[in-house]
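Colleague: I would like to learn how to read a model of this kind, feature by feature. Could you take me through it, giving the general idea before each case?

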Amino acid sequence: MAQEPKKLLILGGGTGGTLAANRLRKKFKASELRIDVVDQDNQHVYQPGLLFVPFGLAEPDEIVRRRNKQLHRGIGYHESAIQGVDINANTVSLENGEILDYDVLLVATGSVLQPEETEGMNGSQWLKTVFTFYDMEGASALAEKLDTFESGELVINVIDMPIKCPVAPLEFAFLADWFLTEKGVRDAVTITYVTPLDGAFTKPVASATLASLLEDKGINLVTEFNTAEIDNEGSKLVGYDEREIPFDLAVVIPLHGGAAYVEESPGLGDELGFIPTDNATMQSLVAPNIFVLGDAADVPASKAGSVTHFEGEVLVENIEAFIAGRELTARFDGHANCFIETGFSKALLIDFNYETEPLPGHYPFSVGLPLLKESRINHLGKLMFQSFYWHGLLPGRDIPGIGSDMPMSGKDKDLVGAGTTPASATEKGN
Amino acid sequence: MTTKLLAGTPVEVNEEGFFVDPDVWTEDMATELAAEANIAVPLTDKHWQVLHYMRKEYFEKGTGPTVRKLGKSSGVTVKELYQLFPKGPAKLAALCAGIPKPRGCV
C-alpha cells in the first residue's frame, strides 16, 4: 500500500517561504511530500525596492507581484491570516476557519512594523510630517511629501534594533542627499541621521567607512539616541535621556516584531514574537519539527533578503534530512551581503557573517565586485538584483560562485583584529 | 582581560568591564559597580528586581535581555529602566548584574 505523503506547511509566502517551497518541490515527488503555503494577502513586495519609491526611482506596481504566481506547480496556496499554531497538536488555525495539520512546519512570516510601540509615532503628524518608507503606504506617501519638500530639518531615526535591512536607513540618507542636490535645494535642508547605536552601523570597519561617507555628504550623525517619544505638536524627537531633536520632516524606522499570531501561539515565540532558532541548522528550539527561515528567526544575523537566501540553502538540506530521519548536518555561517546605495549612481557592497565583519576587498573572489568602496558597478548590481530576485532567487536557482558560505578569498584579512574584535561586533549596548 | 577588586574580592572582567564569570557575583559587588556608574546607592527594590531578572534570563537563555525585552517582561517599563539605569539600561544593568554584555542585533 502506498504511504500517505508527509505534509510540509509553510507560513508566509515572502522571500523565505517562496524560495523554500520551490526548492523543496524540486527535491520531493508529490507522492512523498505535500507542500502548502499560507499568507494573509497575495501581494509579494520586492522589499529592497521600497527604498527607491520615495525618490521616484521605482513605482509601487513595479515592485509587487502576486505571491501564488511565484510558487511552482504542485504547491498549495491558502490566502488567509493566521490565527495561531498549536505546537503540541501540530496544527495551524487560519482566520478563514480552516485548520491545517502538518508533519513539518516552516515559519517564514518575517517581521512586522510596530509604530504603535513608540509614543506619538502614529499620532496626528503620521503621514503628514512623520513617515516611514518601510511599507508601501509610507513609501508612496513620502514620495509625494519629498516632491514639495524644499527646506528645513530632515531627520532620519532608527528607533531600535532589530530592523529589516539595517543599512536601508543609511541608504535613505545618502539618496536624500542626492535627491535634494539634484533638486537644487540641498543647501536649504539639514539632514540628520539619528541612531540608537554607538556608530553609523553595527560593525566597526563598515561603521567607520559609512560614518565618513555621511560626513563627506554633510549629513549629521547623532548616536546613542533612544527615542522615547515623537512630539507631534512640538515637531521633535524626545529621547529617554531628555535630548530633543527638532524636525520638519521625520523619516522613522518603527520597532519591528514577529507576526501577530506568534503571540497567540503558546510556546512558539519570544517576547518580541521572533522564534528561538538554532543559529546554524535553522531548526527551531521550540519543537524539532518546526523550522524557521528569514526575519522570523531570532538568530543574530541581519534581517535581510540575502541572509534569507543563504539560510534557505541550508534549511532545505536540513528539512530533507529531517524528513528522511537523518541528522541535520548543513550549517549556516551567518553569511549576509548587501549593496548600499550611496547616491549619484554609486553603491558600496558589504559581505560578512557571524564571525567576520564586513571588510574591504572584492566579492566573491579577488577579481569581483569591490567591497566597502563606492563604485558604479555596485550600483548596477543593485539595480539588476530585482530581476534576479524574481527569476533566480525565488524559483530556487543557484548562481555559480555565490554559495551560502561567506567567501574569504577576496577579502583584506589584515584588517581583522586591527583594533577591532569581530566577535564582539555583533553586540550592542542596550 | 583585567582583574578588578570588588567588595574586597578580585574579579576578572573584560575590556569593557563585564564579568568573565557571572558565578562570582554578589549583591555587594553590584552596589559598588552601580555607585561607580553614578547610580545612587543603596539601590532601590526596582533596581534589584531588574538585576535579578537579568541574571535569571542570562542563566536560562545564555544572554541577557535587551531593553525592549526587559520592558516587556521584567515588570519595569522602558521609561523606568532609563531612569533606573540611565543611557543604556540593558548594558548598565548587565554590567551591575555581573553578566556579559547582552547580545544585540545586527
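**Loops, cores and helix packing**

Modeller: Let us start in a loop: A:S345 sits between β21 (336–343) and β22 (346–352) of chain A, where helices (H or I, at least four residues) and strands (E, at least two) are DSSP runs numbered from the N terminus. This is a predicted model, in which local features need pLDDT of at least 70 and side-chain atom pairs count only at pLDDT 80 or more, while totals for chains, interfaces and linings use all residues. Residues are numbered from 1 along each chain as its sequence is written, chains are lettered from A and ligands numbered from 1 in the order in which they are written, and side-chain values use heavy atoms, with hydrogens and water left out.

Colleague: What is the value of phi at A:S345, and is the residue buried or exposed?

Modeller: Phi of A:S345 is near 60°, a positive value in a residue other than glycine. Buried means under 20% relative accessible area, exposed over 50%, and partly exposed in between (1.4 Å probe, protein chains only); A:S345, with 35%, is partly exposed. A:C165, in the loop between β12 (152–158) and α3 of chain A, has a positive phi near 40° and is partly exposed at 26% relative accessibility.

Colleague: How many disulfides are found over all chains?

Modeller: A disulfide is a pair of cysteine sulfur atoms within 2.5 Å, and a search of the whole structure finds zero. A:C338 is thus a cysteine in no disulfide, the nearest cysteine sulfur, that of A:C165, being 5.6 Å away. A:C338 is buried, with a relative accessible area of 10%.

Colleague: Which residues touch the most other members of the largest nonpolar core?

Modeller: In soluble globular proteins, nonpolar side chains tend to be buried together. A nonpolar core is a set of buried Ala, Val, Leu, Ile, Met, Phe, Trp, Tyr and Cys residues joined through side-chain atoms within 4.5 Å. The largest core here has 119 residues, among which A:F133, A:F172 and A:L210 touch the most other members; its largest share, 10 residues, comes from helix α3 (residues 168–182) of chain A. A second, separate core of 33 residues includes B:W25, B:A30, B:W48 and B:A90.

Colleague: At what angle do helix α1 and helix α6 of chain A pack?

Modeller: Axes are lines fitted to C-alpha atoms, for helices over the stretch in contact, and angles run from 0 to 180 degrees between N-to-C directions. Helix α1 (residues 15–27) and helix α6 (residues 305–323) of chain A pack at about 40°, with their axes 10 Å apart. That makes α1(A) oblique to α6(A), since angles under 35 degrees count as roughly parallel, over 145 as roughly antiparallel, 65 to 115 as roughly perpendicular and the rest as oblique.

Colleague: Which residues of α2(B) and α5(B) make the contact between these helices?

Modeller: Helix α2 (residues 45–61) and helix α5 (residues 89–97) of chain B pack at about 80°, with their axes 9 Å apart, and are therefore roughly perpendicular to each other. Contact means heavy atoms within 4.5 Å, and here B:V50, B:L51, B:M54 and B:R55 of α2(B) meet B:A90, B:A93, B:A94, B:C96 and B:A97 of α5(B). Of these, B:C96 is buried, with a relative accessible area of 0%.

Colleague: Where are cis peptide bonds to be seen?

Modeller: One runs from A:Y363 to A:P364, with omega near 0°, and another joins B:V41 and B:P42, with omega about 0°. A:P364 lies in the loop between β23 (361–363) and β24 (369–371) of chain A, whereas B:P42 is in the loop between α1 (27–36) and α2 of chain B.
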